[in-house]
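Good morning, and thank you for making time on the agenda. I should like to take you through one structure, beginning with how its two protein chains meet and ending with the DNA.

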There are 2 protein chains.
Amino acid sequence: MVNPEVSSRINQDIAERKIIFILCSCTIEYRGRSRSNIGLGHRLIIIKQDTTVLVHSVTGFKPVNWMNTPTETVAEFGEELVLYSQRTKKPFEEMKVNVKDILDYRSYTSLRDDEKLDLTHTEKDLQEYLAKNPALVHPEFRLIGTEHQSPLGYFDLYGKIGEKYVVVELKVERAGLPAALQIKRYKEWLQGYIGEARGILIAPGITPNALALLKKDGIEYKKMNVEHLKIRHRKEKTLREWLQ
Amino acid sequence: MVNPEVSSRINQDIAERKIIFILCSCTIEYRGRSRSNIGLGHRLIIIKQDTTVLVHSVTGFKPVNWMNTPTETVAEFGEELVLYSQRTKKPFEEMKVNVKDILDYRSYTSLRDDEKLDLTHTEKDLQEYLAKNPALVHPEFRLIGTEHQSPLGYFDLYGKIGEKYVVVELKVERAGLPAALQIKRYKEWLQGYIGEARGILIAPGITPNALALLKKDGIEYKKMNVEHLKIRHRKEKTLREWLQ
DNA sequence: CATTAAATATCGTCC
DNA sequence: GGACGATGTTTAATG
């Protein structure tokens with residue numbers, strides 16, 4: 001059963017922008033970009049400082065339901081405790097959590113996390129690295145630009161080999177059909193726009209279907225793994241540059 | 001400071017597949033598909049029954065770091081408490097959480113959630129609905145099949161209007177350039193394969209660029225919003241069918 | 001503010 | 001188990 005004292009405390013805690021953890025059994029209804037229902041089960045509700053609401057089940061990476069910031073959440077205590085959340089900007093979304101039983105309720109005022117995640121070895125890092133080391137793309141590759149805009153999208157790398165223009169598409173994971181179709185489009189557009197052109201797909205791996213499509217269209221595939229490249233964490237890099 | 005008693009208890013709780021919540025300040029290192037570091041801040045660590053590990057900060061939808069199932073996590077208590085997680089299948093991934101201070105530690109044995117999320121008004125629902133109501137696509141549309149396979153991907157709906165073959169692409173959100181290029185490719189392939197063909201893009205909205213591209217290629221756009229369709233929750237539907 | 005594309009994407013489904 | 005595409009994707013960058 002839900003303790004009435006707890007339920008009255010929730011709205012206070014929400015108003016004070018406390019971070020709130022509620023371990024409970026509940027049912028959930030959602031309606032917005034799609035609709036969902038789920039029956040009774042044990043879940044952890046987290047209301048974060050930025051109004052994000054997460055409802056996590058006992059397994060899985062994704063919350064079973066959630067509301068993104070900015071959201072307004074209110075607790076109502078009638079027959080049972082109900083948490084009602086509504087998105088305060090478009091698109092309209094709402095979530096109702098019917099709480100049957102609270103196993104644990106906790107709220108905190110002064111939790112702080114001012115650190116930013118320093119993430120590297122992403123596609124952006126690979127792009128920057130190859131822009132600085134164009135010979136890794138091809139011994140004769142001369143860079144013209146990165147994120148070069150075309151009507152069909154952005155070329156990761158753009159340059160020349162001899163007299164031919166070259167578009168390069170990068171993937172840090174195994175390339176599939178979508179990546180192959182992307183570079184195919186780019187190369188076709190480039191050929192229509194500028195004459196003969198080359199396309200190079202760089203990835204640590206490729207699916208058979210994707211490779212077949214590249215072969216058919218004369219697009220080159222080059223195996224490269226971002227993991228092995230000497231990319232420093234940005235913070236280290238900043239620090240080193242600062243110290244010089 | 002970290003209580004040594006707590007740290008010795010963690011491995012026991014992990015071994016017993018308890019669900020574990022640790023509210024703490026910590027730093028985190030991750031290395032695997034990419035790499036990341038983050039400095040000291042307050043975070044909630046969740047170790048779920050399926051070995052999923054989530055580390056949530058005080059804001060945001062996404063965990064600041066995480067490990068997907070299947071993962072093996074061990075707690076080591078040296079100078080400080082360290083949680084080390086390693087993925088037990090490919091790709092290799094590892095995460096180290098250096099815990100400085102535990103604000104709350106909780107573990108539970110008997111939390112259960114056997115319910116499945118009943119999600120509707122997705123693209124799949126729209127596809128099924130239009131397969132049953134082909135006249136909504138076009139008054140004379142006759143369905144041949146759904147998820148019809150081509151070398152370039154799957155056609156959401158495939159059929160005929162008069163003597164012409166028709167490929168239909170569905171989006172439940174506003175269609176952009178990628179969606180327009182997708183239906184364009186499909187129509188082009190169909191024309192090369194079978195002769196004259198039509199393409200129809202169905203979506204609740206479309207970006208100007210995408211619409212321009214469709215016009216240029218003679219592809220039709222039909223505005224439709226899955227929200228307004230009479231799609232029942234699957235559970236209701238099953239129940240009704242069961243009762244008949 | 002809208003558009004665009006990456007993501008440690010995750011997740012389900014189909015082959 | 002691999003491949004493929006949707007996702008209530010979320011998030012960040014960019015014009």
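**The protein interface and the DNA surface**

Let me begin with one pair across the interface: Arg106(B) forms a salt bridge with Asp104(A), with the closest N and O atoms 3.6 Å apart. Please keep in mind that this is a predicted model. Between chain B and chain A, the count of salt bridges is four. Polar contacts across this interface amount to 25 residue pairs, counting pairs in which both residues have pLDDT 80 or more.

Which elements of chain B give two or more residues to the side that touches chain A? They are strands E1 (19–31), E2 (35–47), E3 (53–56), E4 (65–67), E7 (94–108) and E8 (118–120), together with helix H3 (177–194). The largest share comes from E2(B), with eleven residues. By class, this side of chain B divides into 22 nonpolar, 18 polar and 16 charged residues.

Turning to extent, 56 residues of chain B are in contact with 56 residues of chain A. The two chains bury about 4,900 Å² between them, and 59% of that is on carbon and sulfur atoms. Of the area that chain B buries against chain A, Arg35(B), Val58(B) and Phe61(B) supply 15%, more than any other three residues.

How are the two copies related? A turn of 180° and a shift of 0.1 Å along the axis lay chain B on chain A with an RMSD of 0.2 Å. That is the relation of a two-fold axis. Within chain B, the C-alpha nearest this axis belongs to Lys62(B), at 4.5 Å. Of the interface residues of chain B, 98% are also interface residues in chain A, so the copies meet through the same surface.

I turn now to the DNA. DNA strand D is surrounded by 27 residues, the closest being Trp66(A), Asn68(A), Arg174(A), Asn209(A) and Glu173(B). By class, this surface has ten nonpolar, eight polar and nine charged residues. In chain A, strand E4 (65–67), helix H3 (177–194) and helix H4 (208–216) each supply at least two residues of the surface, and E4(A) gives the largest share, three residues.

Which part of strand D faces the protein, sugar and phosphate or bases? Of its atoms within 4 Å of the protein, 79% belong to sugar or phosphate and the rest to bases. A phosphate oxygen is 2.3 Å from a side-chain N or O atom of Asn209(A), and a phosphate oxygen is 3.5 Å from a side-chain N or O atom of Lys171(B). On the base side, a base nitrogen is 2.3 Å from a polar backbone atom of Trp66(A).

Thank you; I welcome your comments.

Technical notes. Residues are numbered from 1 along each chain as its sequence is written. Chains are lettered from A and ligands numbered from 1 in the order in which they are written. This is a predicted model: local features need pLDDT of at least 70, side-chain atom pairs count only at pLDDT 80 or more; totals for chains, interfaces and linings use all residues. Side-chain values use heavy atoms; hydrogens and water are left out. Copies are superposed by least squares on the C-alpha atoms of residues with pLDDT of at least 70 in both. Contact means heavy atoms within 4.5 Å. A residue is near a molecule or strand if one of its heavy atoms lies within 4 Å of it. A polar contact is a pair of N or O atoms within 3.5 Å; within protein, one must be able to donate a hydrogen and the other to accept it, and residues adjacent in sequence count only if both atoms are side-chain atoms. Helices (H or I, at least four residues) and strands (E, at least two) are DSSP runs, numbered from the N terminus. Ala, Val, Leu, Ile, Met, Phe, Trp, Tyr, Cys and Pro count as nonpolar, Asp, Glu, Lys and Arg as charged, and the others, Gly among them, as polar. Buried area is the accessible area (1.4 Å probe) that two parts lose on being put together, summed over both. A salt bridge is a side-chain nitrogen of Lys or Arg within 4 Å of a carboxyl oxygen of Asp or Glu.
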